[in-house]
Amino acid sequence: MHSIQRQLALLALISLMLPVAYGASLAVMSIDLGSEFMKMGLVKPGVPMEIVLNDESSRKTSTIVALRDGERLYGTAAESTAVKIPKKAYWYLTQIVGKRFDDPQVDLYRKRFPYYNLIKDEERGTPLFKTDDETTYSPEEMLAMVLEKAKSSAESFADNPISDAVITVPSYFTQAERQAVKEAAEMVGINVLQLLSDNVAVALNYGVFRRKMFNTTAQYYMFYDAGATSTTATVVSYQMVKTKEGDRVETNPQLVIKGVGFDKSLGGLEMTLRLREHLAKLFNAQKKTKTDVFTNDRAMGKLFKEANRVKKVLSANADHTAQVEGLLEDIDFKAKVTREEFEEMNKDLFERVIQPIEDALKTSQVTLPEISDVILMGGGTRVPKVQEMLLKYLKRDVLGKSINTDEAAAMGAVYHAADLGKGFKVKKFLIKDACHYPIVVEFEKQTAENTEDKPKTVKRTLFGRMNPYPQKKVMTFNKHLKDFSFNVTYGDLSFLSAEDLKSFPNHLIHTYHLKGVDTAFKKHADNADSKGVKAHFRMDEDGILHLDKVEFVFEKEAAPEESTWSKLGDTLSGFFGGKDSKEEEKKPTTDDTAQEIPADEEKKKEDTTEKPTEEKKSDDKEKSDDKEKSDDKKTDEKESQKTDKNNTEKADNATKLDNKTEEAKAPKLMVIKEDIIAENVSFDIPPVSNEKFKASKKRLAELTAKDKEKKLLEIAKNDLESFIYDMGDKIHDEDHEKCSTATQREELAKMLSDAGDWMYEQEDDAKKEVFKNKLKELKKAVKDLVYRVKELRERPKALEALNSMLNQSQFFLVSVRNLSQGEDPMFTEVEGNTLEKLINETYQWLETMTKEQNITPLTEKPKLLVEDVAMKYQALDREVKYLINKAKLYRPKTKPKVSKNTTATNDSKTDTNQTDSSTDENAKSDGEGKGPQLNTPETETKAPKRRPKSKRGEEKSEGEEEILQLDGDQQENSQDKTTEKTKETDDTVTHDSSDL
């Protein structure tokens, strides 16, 4: 019942807008990119919201790719490779993508997976996977392979090409990490509609199905996500807000990220690794071999898989037995593990469970009692000890488990993808994500040339912590008149742990050199006032910072009003020449949505966090209360001041008129904007260069083509193998034995056996065409036998259908002959003769061919072919249908009515009129002018049977006689006249629809 309600809710939420071109490109997808698993959501015309099933019909896919023997493996096959040859399978890629080689997270990755050969990219300073002596792959390329598999699975599931996607990333991802994920997606042709934080996707999925719960008062919820590699706590507010959509104002729900706390290294993976270490020590303690299990990568891979399984079982059981067959040197391993032991080895991890919640509450400035519910997410929340710690700290009886922890992020992201897509219209649900790391602009204050003092370094906050995005901001440099540089860096990161701070060695994001400032100032210094250099920054929907443009702004008085002819001349000249700078009447120098930040002001304190909305509201309320009190005090004063006010009113009006006159005479100001060149000369992590990006894209495309070719090769092999086995079994069944001789069967069996041996002798690099040609050769050899068997099996049914058609056609011919007589016949005599001739010829042909077939052996080509029988059937069917269609279109000729003088009484007239009207109604209901009733073949669609209306003096039924007798003697005259009328019409034979 719950699933039905959920589907109905989905259909109500999403309505498809199908344009004229009902194209496959309308489909959009989401990829919930987890460190261990990924889930894909799909929306396409006819499919509101659905989770994609992969090739193994699973709703989630491992975020892993294996490179083995020149091919790429995904999913279960890649996991098997991770057990057998761990160094060939690469997963948990989100842990190192977009990071420097010396980042602590990369060091932790190397420690956890020591069998990977990681080297440093000297150009970018990032890690590289060295797969063999000559081949290296960047984390972005590895991640691109995983994303390509997700795209391929979605396309197979949707049976449509898909290019647009919303991808979820951890909310704590930095600028470089977000950019790296976006580059990886673009390498494999995925158009990223938006990078959505995973906590926002979960919150959106939760809110979409609970729209009616929210009102204009903010409601706070906490989402606690314990994943494979990290743990995050997020405070979210839901509230109904008014937004302007075009010319109308709408009220829609909105979610705002108020606070986030996270621990990047607290997750299920660390627990699994510790349990693996415990199992390895237990095996070594058994001393069944001299080899240390820690030195064998394959054995450690097996233990990792078993540890992961045991960890899940211990969530529901107090103890469990871990066992691995042939762990090392064909020695089996078996050991009992209790939940108490598991909790003891992870004791320090469980102590860190609460910290993200405290950080989220502190950042959001929301108290714990204000939280309506705490919703659990992630596989780590299934651990009993984690739930115990949460219940104890939150002081709650139960925790929220009302969403699907595995699929909530994917479903929320795909809902947002439908909103961003072109072919769908969804109910609006507004989102405001938050910037987790404050961003500041750092520059040197320009001083006079003759001073020897060192320039002072100034820092201005561009985006404070928890500032919402997307957002635009403009920073104005009022005192910079020469070319200068500024850095965009991370601000105060003291809220991070000591380990996380090591990931920000210099806080640098970008360094920009501005060129052309001096030239622009000298150009307009004499005739315009400088309004400063304005840098336009934008943090987009992906959480990535951009510098859109830099311009030097000046203001000057507009020229006097020109005549109409002068304006027309300037307009025409504008088509043939341009001005060096942009001049316009004074307007706001920034976008309406952009906040302007003065860079050179020193008095204002920079704030790294925004004030909570509630504080602002309370301040406003206090101000309004004070205002009301002051207004009350002034009420008495107003009474005494009325007289003075009247006396001074005239003087004030005169002054206002003078001011208006002066304003009218004030000259208009023109704004001049000179574009400044901004060169980005340094990055936190340099993006992939265009040359490398194209090379990576080409290499990945070649791997994809190779995978496709291999898949087609496997299909060709499977087709050949299945044909050999299938045909080998068929030649010994009853029908094949009837249609072949013993010698023929022996030859075919030998040929199939030789083909099987030939197939397994082929090289691994054989082309698919070799197997396709072999299959064609075998099919050609058995073609005649297969044809004879097919004829043997289908001939009885074909003959039965033809005989049935002959019988029905002959019966139909009788009706045609009857309806070919009279003054107004429905059919002509030629049509009846044609049908009769066709029937006779078919009978004669069938008799002749049946005799020939009976004397022909089954091992030879048959004489009576199913194809010929079908052609005879079609000829009869075509002729009968022609005659039936003619009958449907037939309309009998109408005769002029004969008027008669009647002297009947009023009652008789009334009765006659009633009889005539009933007759007319019957005639209309039977269909005007339809021909006689035909005996149509059963194969045709039969019309509903109608009762024939008598026009030839048939006797009335008993019921009709009784009804007429009720009128007594008054009805006799009218009845006699009706009888006379009927007799007159019976003299001529006519046909109408009652005869059909």
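**Helix α5 and aromatic contacts**

In this predicted model, helix α5 spans residues 175-187 and comprises 13 residues. The distance from its first C-alpha to its last is 19 Å, close to the 18 Å expected at 1.5 Å a residue. The helix is mostly covered, with 11 of its 13 residues buried. These buried positions are Q175, A176, E177, R178, A180, V181, K182, E183, A184, A185 and M187. Just after α5, residue G189 adopts a positive phi of about 80°.

Aromatic contacts were examined next. In total, 33 aromatic pairs occur in the structure. One of these is formed by Y115 and Y116, whose ring centres lie 5.1 Å apart with an angle of 80° between the planes. This pair is classed as edge-to-face because angles over 60 degrees fall in that category. The relative accessible area of Y115 is 19%, so this residue counts as buried, the limit being under 20%. Y116 is likewise buried, with a relative accessible area of 6%. A further pair joins F484 and F486, with ring centres 6.5 Å apart and planes at 40°, so this pair is tilted. F484 and F486 are both buried.

Y115 and Y116 also belong to one aromatic cluster, together with Y90, W91, Y92, Y109, F113, F129 and F304.

Charged side chains are also placed over aromatic rings. R110 lies over the face of F101, at 4.7 Å from the ring centre. In addition, the charged end of R465 is positioned over the ring of F495, 3.7 Å from its centre.

How values were computed. Residues numbered from 1 in each chain as written. Predicted model: local features only at pLDDT ≥ 70, side-chain atom pairs only at ≥ 80, totals over all residues. Heavy atoms only, no water. Helix = DSSP H or I, 4+ residues; strand = E, 2+ residues; numbered from the N terminus. Expected span 1.5 Å × (residues − 1). Buried < 20%, exposed > 50% of the residue type's maximum accessible area, 1.4 Å probe, protein only. Phe/Tyr/Trp six-rings, centres within 6.5 Å; stacked < 30°, edge-to-face > 60°. Lys NZ or Arg CZ within 6 Å of the ring centre and 35° of its normal.
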